[in-house]
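Visitor: I'd love a friendly walk through this protein, starting from the model itself. Could you show it to me?

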Amino acid sequence: MQQHARFHEVTLITPTAPMSAEVHGGRAKCLQRLIRLGMPVPTTVALSFHAVHAIARGQMPDIAEIIAPFGPGPLLSVRPSSLDPDWGGPGAILNIGMNCARHAAMAAAIGETAATSLYLRFIQAYAIHVARLDPDAFDLPDHPTPAALEAALAAYEDETDERFPQDPQEQLTEVLRSMARAWDGTTARLLRQAKGAPADAGLGLVVQAMALGVGGNGAAESGSGVIQFADAATGDRRITGRYLSQSQGREALTAESGAMYLIGDGRGPSLQERCPDVLARLIAYGNQIRVRLREEMQIEFTLENGDLRLLDAIRLPRASRAAVRIAVALAEDGIIPRDEAVMRIAPQALSELLHRQVDPRAPRERIVTGIAASPGAAAGRIVFTADEAQASAARGEDCILVRRETTPEDIRGMHAARAVLTLRGGITSHAAVIGRGLGLPCVVGAADLAIDFRQRRILAPDGRQFIEGETITVDGTTGDVLVGQPPMLEAALDPAFQTLLGWADDVRDIGVRANADTPRDAQTARNFAAQGIGLCRTEHMFFEGDRIGLMREMIFAETPGDRAAVLDRLLPLQRADFEALFDIMQGQPVCIRLFDPPLHEFLPSDKAGMRDLAEWLSLPVSEVEARVEALQEYNPMLGMRGVRLGITVPEIYDMQARAIFEATVAVSRNGDPVVPEVMIPLVSAMREVDLVKGRIDAVAAAVRVETGVNFAYRLGVMVETPRAALRAADIALHASFLSFGTNDLTQMTYGLSRDDAGRFMSSYVKLGVYEEDPFHTLDIEGVGELLMIGAERGRRGRPDIVLSICGEHGGSRKAIEFCRNQGFDYVSCSPFRVPLARLSAGQLAIRDARLRQG
């Protein structure tokens, strides 16, 4: 860790002292800025990152040099000063320098009770945090008496076989050593890394003269408090905080009784009533700090015999919704530019605004922790089948659908459930993808759970049992499955949210569309200002209502004519779906992927389901079983699906094309002209595109003749196979656009099933086999190279080809950055990730603009 030559390792903080947050930490630098503003900050000395790192290695600075600025016999405090306060650090130690001689002198000046209270607090802090002794032996007494002080000193001596240190220099030395080593400890390092800190993040320390906050009887007001100028939960501008007479540090926030409000509003005693001039000064300081430090701050203050001291000012801790409102308010007040407001909000924080969340203050009784697959939280009764979920919803009862893994047949149940929990699967499993599309909380890969279908119960790893009908909570943000129903925080989409995203839209240079399969999805996408639909997976429409029965009837049809007859009955239903999508999107592009999954996904897998199907079709059960068995494949994801099914059973694509074009004509007559985008899935050869294009062109021509309406459409390819990326130049000759489906492309590139990867992926990441789960974070080196090859060769075949990605990676910052660098036209992601993608794209554009400006 290198120390810059112009900075000192021990620095008295003055207005002109050479200091930097990167060398001394944010707290130290902030205190210097308060001093520059002429605010009443006690004398403070800052120790640099380098100095503290040296202390942890046993190289102590000159303690006399540190103490000298404070004059003879000071009382001191030490606080941590990291680059980012969110990274945490060791707790503050107050009243350093307190000893028996100082206690006696202070008892004469401020009273024995106040002096004894100070000494007891220091003994407790030193014993627990410096000497690392058992906290139970040093509980503070209800009354700070001389006997209690003697007992505390005796307890320290009993535990250590040494007298409590009386030399202030020795006390400070040991405090500094303890705090430096605590920062370097393994637990502390892992905790701050989890908050985004680099492994070698430094810690500074600030040594400050104590403002006591306690005084004798008859003296002017003494005490301590904390004041905030914005609500930490909502971001609204209002004064909050607490003040406690005869206290120190942050005791006002933790006191069970005696603390008073700051503003006199009838709730109880207030600082405004007791010391109105003090509150007025605090408000003036707060307004000045907001403008000059360009941030909403929290001030820690002390009154010592009526004299106000500002001990600390830190960035106000805030919830995500408050962070958005504060950033927008600072920009609207002209304190920061709009670009900076956009840059201040982490895209992932928006997820908390889009979904209900478990109240962070609520206790969490965990059953198990799986993979957080779709954010948000919901509680409901346990159900085990899609039918039970639908029945529960019909009764108005919230339910959680619990499955080993979901299939397309479960979609109706997922729509009915409040959340989904699966034992298998990863971040791009069926349940995860559909959950994110629906905005449905989802936890997958909870492999430590077991389902006992016979007893209708789930078994937790610790032996607890939860039977069908019991209430549990699924937290898709953290991956936790909780007992019962803890308090929730509702979603909060307020004007500040819309304003911030509007500013991001003003600067971003890549389009953002949504993956939307139903009118409900499309409306959500529209509400979040998606610039069209980048992927509509039409197969999901066939699981609605009675359509699955018609699909099964089509599968069992013996001839092309019989299949076409059944599909004719599906045609008006599919046409109505597309009309609804086009109406909602109001002329924005809608990219419709033709039918993709293997047919066996529409057939039952259990005997009861086969009996029901036999009854529906008026066929013997044996014939149904034989047909289901005949459609089974060794590896269906690489078998008869996508374009292969469209070529061998062309009636399906013919029906879908007709539904798309008839809907185009109907909606264009009543509103904005529609230019649908038709996408062919799972292509690996140019000839496949050629064959399908010929049939779709024929259907389009027929609809034009039948309706007398001319319309345009664009045909494109979903690039999901490595061969399609390699042969993109040929394929582009017959396509207007190439949309890279990174879910399947990742699966095929790695030769890895995304539904099974959750079983070992965490071990692979821990061992460094993969840096990240490639189904969660786009693999730039491998899959990314295929994307670059496909994009370059696609442009070679057709210079005006439109390029995009539409897999689950589409909403991630890393993927958006990659697509911008490669000149892609847009990304497409699930509707609830559209706001995150819009913000990420705007931030990347701002970052690059700043880099260009130097």
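Here are some questions and answers on the sheet, the cores and two individual residues.

Visitor: Which strands lie at the edges of the open sheet of eight strands?
Guide: Happy to help, and please keep in mind that this is a predicted model. The sheet is open and mixed in its pairing, with its eight strands in the order E11-E21-E20-E13-E14-E15-E16-E12. An edge strand pairs on one side only, and that describes E11 (366-369) and E12 (371-374).

Visitor: How many bridges join strand E13 to strand E20?
Guide: E13 covers residues 377-383 and E20 covers residues 471-475, and the two run antiparallel. Within this pairing, Gly380 is opposite Ile472 of E20. The number of bridges joining E13 and E20 is five.

Visitor: Which helix gives the most residues to the largest nonpolar core?
Guide: That core has 126 residues, and Phe661 and Leu738 touch the most other members. The helix that gives the most, with 10 residues, spans 650-670 and is H26.

Visitor: Which residues is Phe661 in contact with, leaving aside neighbours within four places in sequence?
Guide: Phe661 is one of the two residues that touch the most other members of the largest core. In general, nonpolar side chains in soluble globular proteins tend to be buried together. With those sequence neighbours set aside, the contacts of Phe661 are Val678, Ile696, Val699, Ala700, Val703, Phe711 and Tyr713.

Visitor: How many residues are in the second, separate core?
Guide: Leu94, Tyr119, Leu133 and Met210 are among its members. The size of this second core is 56 residues.

Visitor: Does Gln357 count as buried or exposed?
Guide: Gln357 is found in strand E10, residues 357-358. Its side chain makes a polar contact of 2.9 Å with the side chain of Thr477. Further along the chain, Gln357 also has contacts including Gly376, Pro487 and Leu489. Because its relative accessibility is 10%, below the 20% cut-off, Gln357 counts as buried.

Visitor: Why does Leu176 count as buried?
Guide: Leu176 sits in helix H8, residues 168-184. Beyond four places in sequence, Leu176 touches Leu47, Ile55, Met60, Ile63, Ile66, Val78, Leu205 and Val207. Leu176 counts as buried because its relative accessibility is 0%.

Visitor: What separates the C-alpha atoms of Leu176 and Leu279?
Guide: Along the chain, these two leucines are 103 residues apart. In space, their C-alpha atoms are separated by 34 Å.

How values were computed:
Residues are numbered from 1 along each chain as its sequence is written. This is a predicted model: local features need pLDDT of at least 70, side-chain atom pairs count only at pLDDT 80 or more; totals for chains, interfaces and linings use all residues. Side-chain values use heavy atoms; hydrogens and water are left out. Two strands pair if DSSP finds at least two bridges between them. Helices (H or I, at least four residues) and strands (E, at least two) are DSSP runs, numbered from the N terminus. A nonpolar core is a set of buried Ala, Val, Leu, Ile, Met, Phe, Trp, Tyr and Cys residues joined through side-chain atoms within 4.5 Å. Buried means under 20% relative accessible area, exposed over 50%, partly exposed in between (1.4 Å probe, protein chains only). Contact means heavy atoms within 4.5 Å. A polar contact is a pair of N or O atoms within 3.5 Å; within protein, one must be able to donate a hydrogen and the other to accept it, and residues adjacent in sequence count only if both atoms are side-chain atoms.
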